[in-house]
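Please open the structure in your viewer and keep the selection panel at hand. The tour below proposes what to select at each stop and states what is to be found there.

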Amino acid sequence: LGLGWLTVQEHPLGYVFSSVYKIWGYNQPKTVAVPDDQKPEPRPQGEMFLTLLGHGDQMPMNGLGMCCRPTAYDDESVYN
């Protein structure tokens, strides 16, 4: 039944890999949740900002440092 169902799918390996990833736990968040009582620290004194083109919004010049972290693009980590 399982193999017959896969043969009629447009992308059968997609279903296989998706199932394997879910079984192995790759769809779980990679970091622990932030505790509710933890508050963000204040911004450093003298922090420099860049003005973003088109919006006029400000972004810290040192950035958030997220681009090099393995969890930067994990939805749950970014949410926390």
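**First stop: a charged pair**

Select Arg43 and Glu47: these two residues form a salt bridge, with their closest N and O atoms 3.3 Å apart. The term denotes a side-chain nitrogen of Lys or Arg within 4 Å of a carboxyl oxygen of Asp or Glu. Side chains of opposite charge can pair when their charged atoms come close. By this rule the count comes to 1 salt bridge.

This is a predicted model, in which local features need pLDDT of at least 70 and side-chain atom pairs count only at pLDDT 80 or more, while totals for chains, interfaces and linings use all residues. Residues are numbered from 1 along each chain as its sequence is written, and side-chain values use heavy atoms, with hydrogens and water left out.

Are the two partners buried or exposed? Arg43 counts as exposed, because its relative accessibility is 54%, whereas Glu47 is buried at 18%. Buried means under 20% relative accessible area, exposed over 50%, and partly exposed in between (1.4 Å probe, protein chains only).

**Second stop: around Glu47**

Keep Glu47 selected; Glu47 is found in the loop between α2 and β1 (49–51). Helices (H or I, at least four residues) and strands (E, at least two) are DSSP runs, numbered from the N terminus. Now add Pro60 and Asn62, which Glu47 touches when residues up to four places away in sequence are not counted. A contact here means heavy atoms within 4.5 Å.

**Third stop: helix α2**

Select residues 12–24, which make up helix α2. What distance separates its end C-alpha atoms? They are 19 Å apart, which agrees with the 18 Å that the 13 residues of α2 should span at 1.5 Å a residue. The expected span is 1.5 Å times one less than the number of residues. Just after α2, select Gly25, which takes a positive phi of about 90 degrees.

Within α2, select Tyr21. Tyr21 is partly exposed, with a relative accessible area of 46%.

**Last stop: the whole chain**

Display the whole protein chain, which has 3 helices and 2 strands. From the N terminus on, these elements run α-α-β-β-α. Of the 80 residues of the chain, 9% count as buried.

Finally, colour the chain by pLDDT, the predictor's confidence in each residue, from 0 to 100. The mean pLDDT of the chain is 77, and 75% of its residues reach 70 or more. Among the elements, helix α3 (residues 75–79) has the lowest mean pLDDT, 58, and α2 has the highest, 87.
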